[in-house]
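Notebook open. I wanted to look up one helix pair and one pocket.

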Amino acid sequence: MTIAILIGIPLGILLSRNKVRVTSNIALQLLNTLQTIPAFAFIAISIPLLGFGYLPTIVVLVIQAVLPIVKGTMVGMLEVDNKAREAAKGLGMTDMEVLRELEIPLSTPYILNGIKTSSTYVVSISTLAGFIGAGGLGVLISSGIAMLYPEYLFIGASLCAVIALTMNFFIEKIETKLMIKVFGSDD
């Protein structure tokens, strides 16, 4: 998730800028298309290229996690009112200050929504890692399938659900704290 956030937010900001805004619709369509490809297909494609184990798993997780973050960041940036940007520039703010003081704070809910979506994807997709030798809870699930032990499947799936819900809970707490900091109240 850290790698995806470090790639996704700057890429989303870049794709939403005026100079490349022509490409933002194309980029959004490409992101939507990539998002429809199942993670299992990404893993299947990565195995001949990257082999088995951790490397293909991390690459696929980052690809799948980046997409919603980029999309959320782009949408958030594009939703910022141009009049607000003009007013900020009229107050003497530089482009970087407008980005830091206006655009990113106003885009935060969209960005965090992309991060929440990504975290759920990462947890669910990471279970596939057990099928390609990278370990994790996917091992319980794949063992349960191979040995016909439904309790393994139940335990693996339940733990994944708990992890996804826990991540979502913490991201929502972060979102609440950021919204209080940005907008000044907890309403």
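**Helix pair**

I checked α1 against α6 and found them oblique to each other, since oblique is whatever is left once angles under 35 degrees are called roughly parallel, over 145 roughly antiparallel and 65 to 115 roughly perpendicular. This is a predicted model, where local features need pLDDT of at least 70 and side-chain atom pairs pLDDT 80 or more, while totals for chains, interfaces and linings use all residues. Numbering starts from 1 along each chain as its sequence is written, and side-chain values use heavy atoms, without hydrogens and water.

α1 covers residues 2–16 and α6 residues 95–126; they pack at about 125°, axes 11 Å apart. Helices here are DSSP runs (H or I, at least four residues), numbered from the N terminus. Axes are lines fitted to C-alpha atoms over the stretch in contact, and angles run from 0 to 180 degrees between N-to-C directions.

Which residues in α1 meet α6? I noted Ile5, Ile9 and Ile13, against Leu99, Ile104, Ile111 and Ile115 in α6 (contact means heavy atoms within 4.5 Å). By class, that contact has 7 nonpolar, no polar and no charged residues (Ala, Val, Leu, Ile, Met, Phe, Trp, Tyr, Cys and Pro count as nonpolar, Asp, Glu, Lys and Arg as charged, the others, Gly among them, as polar).

**Pocket**

Next I looked at the lining of the second largest pocket (1 Å grid over the protein atoms alone, 1.4 Å probe, an open set with protein on both sides within 12 Å along at least five of seven lines; lining residues have an atom within 4 Å of a point). Its lining includes Leu31, Lys71 and Tyr110. α6 gives the largest share, 5 residues. By class I get 5 nonpolar, 6 polar and 1 charged.

Notes. Helix = DSSP H or I, 4+ residues; strand = E, 2+ residues; numbered from the N terminus.
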